[in-house]
Amino acid sequence: MTQVLKVAVPAPLAGALDYLPPRGAPDIPAGVRVRVPLGRRAVVGVVVGRGPAAVVPDRLRPVRAVLDERPVLDGGLLDLVAFAAGYYHAPLGEVLALALPAPLRKGAPAQPRRPLLWRLTAAGRAAPAAALARAPRQRGLLERLRAGPVAAAALSAEDRRAAAALAARGWAEAAPAPVAPPDPGVHRPALTPAQGAAVAAVRAAADRFAVHLLEGVTGSGKTEVYLRLAEEAVARGGQVLVLVPEIALTPQTLRRFRARFGGRVVAYHSGLAEGERLAAWAALREGEAAVALGTRSAVWLPLPRLALVVVDEEHDPSYKQQEGPRYHARDLAVWRARRQGCPVVLGSATPALETLHNARRGRFRHLRLAERAGEAVLPRLELVDLRREPQAQGIARRVLAAAEAELAAGRQVLFFLNRRGYAPTLLCTACGWIAGCDRCSVRLTVHGAGAVLRCHHCGARRRPPPACPACGGALLGVGRGTERVEALLRARFEGVPLTRIDRDRARRRGALERLLAEVAAGGPRIVVGTQLLAKGHHFPDLTLVGVLNADQGLFGADFRGPERAAQLIVQVAGRAGRGRLPGRVLIQTHAPEHPLLQRLVREGYAAFAAAALAERAAARLPPFAHLALLRVEAVDAAAAEGFAAAAAKAAAGLGEGVEVLGPAPAPIERRAGRHRWQVLLRAARRSALQRLLARWAVRLEGLPGARRVRWGLDVDPLEMA
DNA sequence: AGCACGCCGACT
DNA sequence: GTCGGCGTGCTC
Ligand SMILES: [Zn+2]
Ligand SMILES: [Zn+2]
């Protein structure tokens, strides 16, 4: 039998393809990139192993070129890629692509180049301001460099040419960036007893796999625990992976890590340029960097000396990828730590129910930081019954009065409403017509106090009609979003500085950070916002939080709605009453008797979680059952439905112990012009579900119409929409 | 995913 | 008679 190289290629194939080794290099180690022929093009693949050929010898073609001297992926990462491809039923090449920065996927050399830093020479600094009038690129760069050195990797191609031109004039130069030392005067706060106990518990098993759930409210000092453990791991020569949610990777967070680790920490997130990503990747691979601080995709970074994994805000839904291979970074981080034999710390004020369940079963160790660090007191939660309380425009008088009192006392107040825009519905008062999106089966949201209608699912925008297109009646914006609440509060609290914080106000990079910093600095006295407010900054003057609509998640179709709602309420509540001031949280609801809400308000998140888990158990929902979702979408409604129906039929006889639910239209039946259907699988055992999925995935590809629809499997789906 | 092949409608 | 539509199949 011919010995071949197993090569993963960028094509939607479940496994690797066989290639003959190139002449003179029979033994290429796994993890090395190769250029191989695929059909009639040449692609970059990655060797994942060796073995006897699985196809007849005359189909075998040779590897054309070997691109690396050393593997770009070590055994641990290759295993992670293979596991994820299998578990999430995603093509191997697609998962592999996640683990390689774009330049490497295109075949660029992986050899580490020390990151270069452009800076001005003395002559450049002395250059007259009016210089380079006829070279705007160079002039722009000159001005940029006056503010400080700029990483070469951060320059666009045009700026790179401009930099070379400036160098030719003797005004600028590129030099290797020095690795900054940690801040020598860094303040290491004394650990509270609970923090000390948590550090000790993880340290006691620092050299083997264990999952520690670190539960602690906002302000309890989880980050300090991470930092201490990371310092110890780095001191032993290890590397640390720290995952944070998308919106938490702020300059402030990075500064905190830089103070401890200097230039040995690298940030990794979607906002980086390709070159910066490659530089971070290379620094970790070479061990020059010791700490990777990043969002979801950082779970794929090379960490040959990985000694500790931290997943902060482990319950955060942004860890689940919602396209392509739908992996969960927290779950993969745990898998990676097990493979590596190192501890994982999952931190949260509001752990995911799955995580709490694992802790209760003894799979995870449960560490608690009960008290707040310093003298801060936890805020008190109170329900406000919207059915009884007199109200103005959806805000109870009692809430407004409480806000007024706090403002008068010089405090800040926050209104939380997880709904952007002015009004969620535009309604005809005469006939009941509702403005809907042409391309989606959803209502359009009124923005700009009625100036524009927007679809939050496909981005469509249009002017609202002057009158009802059906009957000519008058149109009315019904319901409230943050924009409208902003307007109401501006009218009610005239002259009080107010800011609104939502995705519409914080579109550009850094805008959110700036808005939050303004609040922390005390400028705005009233804050209105969405879940963007749930994380990060400490608002020392904030003493009152109004949750305007607690019912939103409580009564939604998604079984995770209550969990998500409780997490948001607790996190937003965490903004209040840090420092010595006690905080108060008023929660508006139409269902104050709701048992889960009662539990949350009276006994806190842990009691809520216990009750919610009991409901999940009774309903046979995760974590007491395992789900997988087949999502199908197509412009042609019948094609989507037909494929989903055929898929459901194909699943029926495929395995024991798996329920097939559906086909059914997705909760949002049409989105961006595509009709959406789904089939849900449920099993008591993960193994039974996986067995069925493996067989099903193969059949699905061969189903008629598989090429006419878009379809994909979502294992452990977070959102059913 | 690409990229070919192939088999039917309307065009120089 | 050909140009091109996109359904189907394959890539070691
Ligand atoms: Zn009407
Ligand atoms: Zn839409």
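Here are two short exercises with worked solutions on the structure above.

This is a predicted model, in which local features need pLDDT of at least 70, side-chain atom pairs count only at pLDDT 80 or more, and totals for chains, interfaces and linings use all residues. Residues are numbered from 1 along each chain as its sequence is written, chains are lettered from A and ligands numbered from 1 in the order in which they are written, and side-chain values use heavy atoms, leaving out hydrogens and water.

**Exercise 1.** Find which residues are closest to DNA strand C, and describe their polar contacts.

*Solution.* Start with the neighbours: 13 residues surround DNA strand C, with Asp18, Pro37, Arg59, Arg61 and Arg707 the closest. "Near" here asks for a heavy atom within 4 Å of the strand.

Next, look at polar contacts (pairs of N or O atoms within 3.5 Å). Arginine 61 places a polar side-chain atom 2.5 Å from a phosphate oxygen of DNA strand C. In arginine 707, a side-chain N or O atom is 2.9 Å from a base nitrogen of DNA strand C. Glycine 39 uses a polar backbone atom, 3.1 Å from a sugar or linking oxygen of DNA strand C.

Finally, check the DNA side: of its atoms within 4 Å of the protein, 52% belong to sugar or phosphate and the rest to bases.

**Exercise 2.** Which protein strand gives the most to the surface near DNA strand C?

*Solution.* First list the candidates: strand E2 (17-20) and strand E3 (33-38) each supply at least two residues. Strands are DSSP runs of E, at least two residues, numbered from the N terminus. Then pick the top contributor: E2, with 3 residues.

How values were computed. A polar contact is a pair of N or O atoms within 3.5 Å; within protein, one must be able to donate a hydrogen and the other to accept it, and residues adjacent in sequence count only if both atoms are side-chain atoms. Helices (H or I, at least four residues) and strands (E, at least two) are DSSP runs, numbered from the N terminus.
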